[in-house]
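Q: I'd like a close look at one part of this protein. Could you walk me through it, and then through what lies around it?

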Amino acid sequence: MSRQSLDDTVLDTLFRQAHTHYGFGPEPISEATLRKLYELLKWGPTSMNCQPARYVFVVSDEGKSRLLPALSKGNRGKAHAAPVTVIIAVDTRFHEYMPYVFPSSPNARQRFIENPDKAQETAWRNATLQGAYLIVAARMLGLDVGPMSGFDHTMLDEEFFPDGRYRSNFLVNLGVGDPQSQRPRGPRLAFEDVAEVV
């Protein structure tokens, strides 16, 4: 059964008219909305349904005070203004959940234990995918986003993940974006520059 394309309003919201936001209004985001966000993004596909991403929703002043010192100077103001900053992290022992999330392959957990390089590659690729799903899901829920990568991973991980199991990947600010904070969109490469049909 073929499916119809979503309408232009949806496509514009998710991609064509969407902007990275560098500033946000004061409107808070409820925990109910954050839960709704996760309930949507969790359905995005990952290899072997491994789901290695972990999320810390930094909302409180106390949480922000722990987060901000690890950020580059240019990112501190953005995160401070955002109602929520999400730490997208990678669970380095994601494979412990494999018997539950991928029961059709009883040996999956053991295969990752025996091949740590493969486990690491799988974890990082798929957690990054899940972070992208979070961005799209947030836009679908009417939120604006500002992904960031300028921070000290070691400092952040020592503060939020001291046992070493989780490792930070990237950050996403969430809120109602301030239109004045937008910058002109950079050009995108053409299909012919990046793709071929074989």
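Which backbone oxygen lies 2.6 Å from a polar atom of the side chain of K64?

A: That would be the backbone oxygen of A82. Keep in mind that we're looking at a predicted model here. The side chain of K64 also reaches a second backbone oxygen, the one on A79, at 2.4 Å.

Let's place the lysine. K64 sits in helix α3, which covers residues 61-67. K64 is buried, yet it has no salt bridge. The nearest side chain of opposite charge belongs to D61, and that is 7.9 Å away, whereas a salt bridge needs a side-chain nitrogen within 4 Å of a carboxyl oxygen. What you do get is the pair of backbone oxygens, from A79 and A82.

Now the neighbours. Leaving out residues up to four places away in sequence, K64 touches V58, V59, P69, A79, H80, A82, P83, V84 and T85. Two of these contacts take us further in: V84 and T85 are also touched by V172.

V172 pairs with P147 as its bridge partner, with V172 on the β4 side. Strand β4 spans residues 166-175, and eight of its ten residues are buried, so the strand is largely enclosed by the rest of the structure. β4 runs antiparallel to β2 (residues 84-91), with eight bridges joining them; I87 is bridged to L171 of β4. Strand β3 (residues 144-148) is antiparallel to β4 too, through five bridges.

Besides V84 and T85, V172 touches V86, I88, L134, I135, V145, G146 and P147, again skipping residues up to four places away in sequence. It's a busy spot: in the largest nonpolar core, which has 28 residues, V172 is among the four that touch the most other members, along with V86, L134 and L174. At least two residues of this core come from each of α2 (31-41), β1 (53-58), β2, α5 (98-101), α6 (108-114), α7 (116-140) and β4. The top contributor is α7, with seven residues. There's also a second, separate core of 14 residues, and its members include L67, A79, L156 and F161. A79 is the residue whose backbone oxygen the K64 side chain reaches.

For contrast, take S2, in the segment before α1 (8-16). S2 has 71% relative accessibility, so it counts as exposed, whereas K64 is buried. The two residues are 62 apart along the chain, and their C-alpha atoms are separated by 46 Å.

Notes:
Residues are numbered from 1 along each chain as its sequence is written. This is a predicted model: local features need pLDDT of at least 70, side-chain atom pairs count only at pLDDT 80 or more; totals for chains, interfaces and linings use all residues. Side-chain values use heavy atoms; hydrogens and water are left out. Helices (H or I, at least four residues) and strands (E, at least two) are DSSP runs, numbered from the N terminus. Buried means under 20% relative accessible area, exposed over 50%, partly exposed in between (1.4 Å probe, protein chains only). Lys and Arg count as positive and Asp and Glu as negative; His and the chain ends are not counted. A polar contact is a pair of N or O atoms within 3.5 Å; within protein, one must be able to donate a hydrogen and the other to accept it, and residues adjacent in sequence count only if both atoms are side-chain atoms. Contact means heavy atoms within 4.5 Å. Two strands pair if DSSP finds at least two bridges between them. A nonpolar core is a set of buried Ala, Val, Leu, Ile, Met, Phe, Trp, Tyr and Cys residues joined through side-chain atoms within 4.5 Å.
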